[in-house]
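Take a look at the chain below. This report walks through its build, from the whole chain down to single residues.

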Amino acid sequence: MALPRYSLQDKARFDFRIYDGMGNYILPDWDDADLKIEFYDADSQLRFTATTQTSPSINSAQDELGNFIYVEGIDLADFALGTCSAYVYCKVSGAEVFP
C-alpha cells in the first residue's frame, strides 16, 4: 500500500485527548493563560504555537470516545520534512498537565 501524497498547500490537523484516570476524556481549563500547543519540525525547530486566539486556534469537540482538543489548518510549508513533534501545555481544574 502506498502512502498518500501531500502538496505544500495541504494543511495539518492535530488531535489530543486528556485522560482523567477514571475512564473519561476531559477538556483543559479554557481560561488558562498558558494553554498552548507548540509544534516542532523534524529539525526540532519551533514552527507554530497554537492558542485559543491564534489562527488556526485550539478548539474542542466530542466524539463517541469523549472530549478532545484539536488544531486544524496548520501550515506545514516551513516545516522540515520528517517526523514532527507537538507539546501540549495546559491545566485541568487548576492542575498542570505535563507535555
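What follows covers the overall fold, one sheet, some loop residues and one buried tyrosine.

**The whole chain**

This is a predicted model. The chain has zero helices and nine strands. Read from the N terminus, the order of elements is β-β-β-β-β-β-β-β-β. Along the principal axes, the C-alpha atoms fill a box of roughly 40 × 30 × 20 Å.

How much of the chain is buried? Buried residues make up 29% of its 99 residues. The accessible surface comes to about 6900 Å². Carbon and sulfur atoms account for 49% of that surface.

Contacts reach across the sequence. Take the contacts between residues at least 6 apart in sequence: 57% of them join residues at least 24 apart. The chain also carries 7 positive and 16 negative charges. The mean positions of the two groups are 5 Å apart.

**A sheet of four strands**

Strands of a sheet pair through backbone hydrogen bonds, either parallel or antiparallel. Which order do the strands take in the open sheet of four? The order is 5-4-8-9, and the pairing is antiparallel. Strand 5 (46-50) and strand 9 (95-97) stand at the edges. Each has a single partner strand, so one side of each is left without a neighbour in the sheet. On average, neighbouring strands of this sheet are turned by 15° against each other, direction ignored.

The table goes through the pairs, with one bridge from each.

| Strand pair | Bridges | One bridged residue pair |
|---|---|---|
| Strand 4 (residues 36-40) and strand 5 | four bridges | Phe39 and Phe48 |
| Strand 4 and strand 8 (residues 85-92) | five bridges | Lys36 and Tyr89 |
| Strand 8 and strand 9 | three bridges | Lys91 and Glu96 |

Strand 8 and strand 9 also form a hairpin. Two residues lie between these strands.

**Residues in the loops**

The turn of that hairpin holds Ser93. Its phi is near 55°, a positive value in a residue other than glycine. Is Ser93 buried or exposed? Ser93 has a relative accessible area of 70%, so it is exposed.

Ser44 also has a positive phi, near 65°. Ser44 sits in the loop between strand 4 and strand 5. Its relative accessibility is 57%, so Ser44 counts as exposed. The cut-off for exposed is over 50%.

Another loop runs between strand 5 and strand 6 (59-63), and Pro56 lies there. What kind of peptide bond joins Ser55 and Pro56? The bond is cis, with omega about 0°.

**A buried tyrosine**

Now go to strand 7 (residues 66-75), where Tyr70 has its place. Why does Tyr70 count as buried? Its relative accessibility is 16%, and buried means under 20%.

Which residues does Tyr70 touch, leaving out those up to four places away in sequence? One group is Arg13, Phe14 and Asp15. The other is Ser57, Ile58, Asn59, Ser60 and Ala61. Arg17 shows how sequence and space can part ways. Tyr70 and Arg17 are 53 residues apart in sequence. In space, their C-alpha atoms are 8.8 Å apart.

Methods: Residues are numbered from 1 along each chain as its sequence is written. This is a predicted model: local features need pLDDT of at least 70, side-chain atom pairs count only at pLDDT 80 or more; totals for chains, interfaces and linings use all residues. Side-chain values use heavy atoms; hydrogens and water are left out. Buried means under 20% relative accessible area, exposed over 50%, partly exposed in between (1.4 Å probe, protein chains only). Contact means heavy atoms within 4.5 Å. Accessible areas come from the Shrake-Rupley method with a 1.4 Å probe; for residues, only the protein chains shown count as cover. Lys and Arg count as positive and Asp and Glu as negative; His and the chain ends are not counted. The place of a charge is taken as NZ of Lys, CZ of Arg, CG of Asp or CD of Glu. Two strands pair if DSSP finds at least two bridges between them. Axes are lines fitted to C-alpha atoms, for helices over the stretch in contact, and angles run from 0 to 180 degrees between N-to-C directions.
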